[in-house]
Each structure stands twice: as structure tokens, then as C-alpha cells.
Amino acid sequence: MYNPDGRLEWVVNAPECIYDTFKGVANSPGHLQVRTGDGKFRTEGDGFLWRQSEQKLNISNNVCTVIENGALMNTKQ
């Protein structure tokens, strides 16, 4: 995902994923990796559910998150 100015915002990697376009829901029992474009925020785990309408991501198991200093600066609310 890119910002309007072309900068990389998010990278999401999920080798197994089912996306329901009508419900706006993605899920998988497999591994998920998510990181910001600058790599200062990273999270991963096994099994996830993404609800597009709520902008909500649940990761079920073996979750590991790394937040580096300054990672959450300049975020839009």
C-alpha cells in the first residue's frame, strides 16, 4: 500500500489468504507478516481475520510485534 505521494506505507505478506470481496473480509489459518514501509513497526503471527469495514486485524496465535522508537510518529487518526 502506498501513500498518495508514492511512498511505501504498508507491506502485507500472507501466503495463504481467502478474501471475500462482498463482505470485505480476509482470513487465513496460515502465517501473516505486516510491516510499515520504513520497517519500524512489524507484526506477525499465525491465523488472522481482517475486517475492511472496521479497519480491524485480529491475529490469533504466535504473535510477535516490534515497535521501534519513532514508529508511531506522524500517523493520521
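What share of the contacts in the protein chain with a separation of 6 or more comes from residues 24 or more positions apart? In this predicted model, the share is 29%. The protein chain itself has 77 residues, and 21% of them count as buried. Its C-alpha atoms occupy a box of roughly 30 × 30 × 20 Å along the principal axes. The accessible surface amounts to about 6000 Å². Carbon and sulfur atoms contribute 51% of that surface.

The secondary structure is simple to list. Five strands and zero helices are present. Read from the N terminus, the order of elements is β-β-β-β-β. Charged side chains number 8 positive and 9 negative. The centres of these two sets are 5 Å apart.

Strands β4 and β5 were examined next. Strand β4 covers residues 41-51, and strand β5 covers residues 56-67. The two run antiparallel and are joined by nine bridges. Together they make a hairpin, with four residues between the strands. One bridge partnership involves F41, whose partner in β5 is I67. In a regular strand, side chains alternate between the two faces of the sheet.

F41 also takes part in an aromatic contact. A search of the whole structure returns one aromatic pair. Its members are W10 and F41, in an edge-to-face arrangement. A pair of aromatic rings is described by the distance of the centres and the angle of the planes. For W10 and F41, the centres are 6.0 Å apart and the planes meet at 85°. The angle is over 60 degrees, so the pair counts as edge-to-face and not as stacked. The pair links distant parts of the chain, since W10 lies in strand β1 (residues 10-13) and F41 in strand β4, 31 residues apart.

The two rings differ in burial class. F41 has a relative accessible area of 17%. This value is under 20%, so F41 is buried. W10 has a relative accessible area of 29%. That figure falls between the limits of 20% and 50%, so W10 is partly exposed. F41 thus has two recorded partners: W10 through the aromatic pair, and I67 through a bridge to β5.

Backbone geometry was considered in the same region. Most residues other than glycine have a negative phi. Q55 has a positive phi of about 50°, although it is not a glycine. Q55 sits in the loop between β4 and β5, within the turn of the hairpin. Its relative accessibility is 57%, so Q55 counts as exposed. N62 likewise has a positive phi of about 50° and is not a glycine. Unlike a loop position, N62 is placed in strand β5. With a relative accessibility of 60%, N62 counts as exposed.

A further site involves the loop between β1 and β2. Strand β2 spans residues 18-20. P15 is found in this loop. At 69% relative accessibility, P15 counts as exposed. P15 and H31 are 16 residues apart in sequence. Their C-alpha atoms are 7.1 Å apart in space.

Definitions and conventions:
Residues numbered from 1 in each chain as written. Predicted model: local features only at pLDDT ≥ 70, side-chain atom pairs only at ≥ 80, totals over all residues. Heavy atoms only, no water. Phe/Tyr/Trp six-rings, centres within 6.5 Å; stacked < 30°, edge-to-face > 60°. Buried < 20%, exposed > 50% of the residue type's maximum accessible area, 1.4 Å probe, protein only. Contact = heavy atoms within 4.5 Å. Areas by Shrake-Rupley, 256 points an atom, 1.4 Å probe, with all protein chains shown as cover. Lys, Arg positive; Asp, Glu negative; His and termini not counted. Charge placed at Lys NZ, Arg CZ, Asp CG, Glu CD. Pairing = 2+ DSSP bridges.
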